Amino acid sequence: MSLAGKVALVTGGAQGIGRAAVQSLLKSSAKVAVVDLNKTVGEQCQNQLEAEFGEGRSTFIQCDVTHGDALRDAFQRTVDQFGRLDIVINNAGINNEKNWEKTIQVNLTSVIKGTYLALEHMSKEYGKEGGTIINVSSMAGNRWERGGSRIRQGPFIGPRASS
Ligand SMILES: NC(=O)c1ccc[n+]([C@@H]2O[C@H](COP(=O)([O-])OP(=O)(O)OC[C@H]3O[C@@H](n4cnc5c(N)ncnc54)[C@H](O)[C@@H]3O)[C@@H](O)[C@H]2O)c1
């Protein structure tokens, strides 16, 4: 599928699943903002993406998604640089049971903030053209086990299309 002319923003895009999503988007001709906390890995990633896909197709924005103003700024910088926004993947996540408050900030609160920011920049309710929001979660967020039986636990944050 060609995504020529489309612009995507991927949080936690410098490595792992987010990085794979970034590469897939670039292979499909989209332009991509890689938003990640890790400056070293992010800059390495950007250099490799430029070598593989050419200059001007991607940009690295260092940002801690738990900082609301920084996340808002990352969205604005993406639109300023590429002119529009069509796809948002809220992928940044951590798994730190000891620091559970930070984990909730990254894995839940920031995903909700990223979803509302995506709507502001893409939704027809805001005079935009619509777009696609993908919120990356875990199957563990969808179900839990007790006494051997699986019980659905909601809400599960899954793919969502905005209009
Ligand atoms: N890998 C798995 O098996 C698995 C399983 C279940 C869920 N997930 C979910 O998939 C997503 C990606 O996981 P992964 O395995 O690729 O992780 P990863 O650790 O390889 O990559 C996560 C990226 O997010 C970035 N990040 C972390 N905190 C951030 C913050 N506060 N602000 C901005 N960026 C931040 C990291 O720097 C890193 O580049 C996460 O949401 C994770 O919870 C992964």
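What follows is a chat about a predicted model of one chain and its ligand.

Biologist: Before we start, how are the residues numbered?

Modeller: They count from 1 along each chain, as its sequence is written. The model is predicted, so to speak, with rules attached: local features need pLDDT of at least 70, side-chain atom pairs count only at pLDDT 80 or more, and totals for chains, interfaces and linings use all residues.

Biologist: Fine. How many helices and strands does the chain have?

Modeller: There are 4 helices and 8 strands. Both are DSSP runs numbered from the N terminus, with helices being H or I of at least four residues and strands E of at least two. From the N terminus on, the order is β-α-β-α-β-α-β-α-β-β-β-β.

Biologist: And what share of the residues is buried?

Modeller: Buried residues are 34% of the 163 in the chain. Buried means 20 or more other C-beta atoms within 10 Å of the residue's own, exposed means 12 or fewer, and partly exposed is in between, with C-beta atoms placed from the backbone.

Biologist: Switching to the ligand. Which residues come nearest?

Modeller: Gly12, Gly16, Ile17, Gly93 and Ser138, out of 23 around the ligand. A residue is near if its C-beta atom, placed from the backbone, lies within 6 Å of the molecule. Two or more shell residues each come from helix 1 (16–27) and helix 4 (100–122).

Biologist: Which of those gives the largest share?

Modeller: Helix 1, with 3 residues.

Biologist: What's the mix by class?

Modeller: The shell has 10 nonpolar, 11 polar and 2 charged residues. Here Ala, Val, Leu, Ile, Met, Phe, Trp, Tyr, Cys and Pro count as nonpolar, Asp, Glu, Lys and Arg as charged, and the others, Gly among them, as polar.

Biologist: Back to helix 4. Where is the kink centred?

Modeller: On serine 110, and the kink is about 35°. The bend is the angle between axes fitted to the seven residues ending there and the seven starting there. Ser110 is also among the buried residues of helix 4, as are Val106 and Met122.

Biologist: How far apart are the end C-alpha atoms of helix 4?

Modeller: They are 31 Å apart, which agrees with the 33 Å that its 23 residues should span at 1.5 Å a residue. The expected span is 1.5 Å times one less than the number of residues.

Biologist: Is leucine 117 buried or exposed?

Modeller: Leucine 117 counts as buried because it has 21 C-beta neighbours inside 10 Å. This residue is in helix 4. Leaving out residues up to four places away in sequence, leucine 117 touches Leu71, Arg72 and Phe75, where contact means C-beta atoms, placed from the backbone, within 7 Å. Leucine 117 and phenylalanine 75 are 42 residues apart in sequence but 7.3 Å apart C-alpha to C-alpha.

Biologist: Now the largest nonpolar core. Which members touch the most others?

Modeller: Ala8, Leu9, Val10, Val32, Val34 and Val35, out of 34 residues. Such a core is a set of buried Ala, Val, Leu, Ile, Met, Phe, Trp, Tyr and Cys residues joined through C-beta atoms within 7 Å. Elements giving two or more residues include strand 1 (7–11), strand 2 (31–36) and helix 4.

Biologist: One last thing, what's the phi of serine 29?

Modeller: Positive, about 80°, although serine 29 is not a glycine. Most residues other than glycine have a negative phi. Serine 29 sits in the loop between helix 1 and strand 2, and it counts as partly exposed because it has 14 C-beta neighbours inside 10 Å.

Conventions: Contact = placed C-beta atoms within 7 Å.
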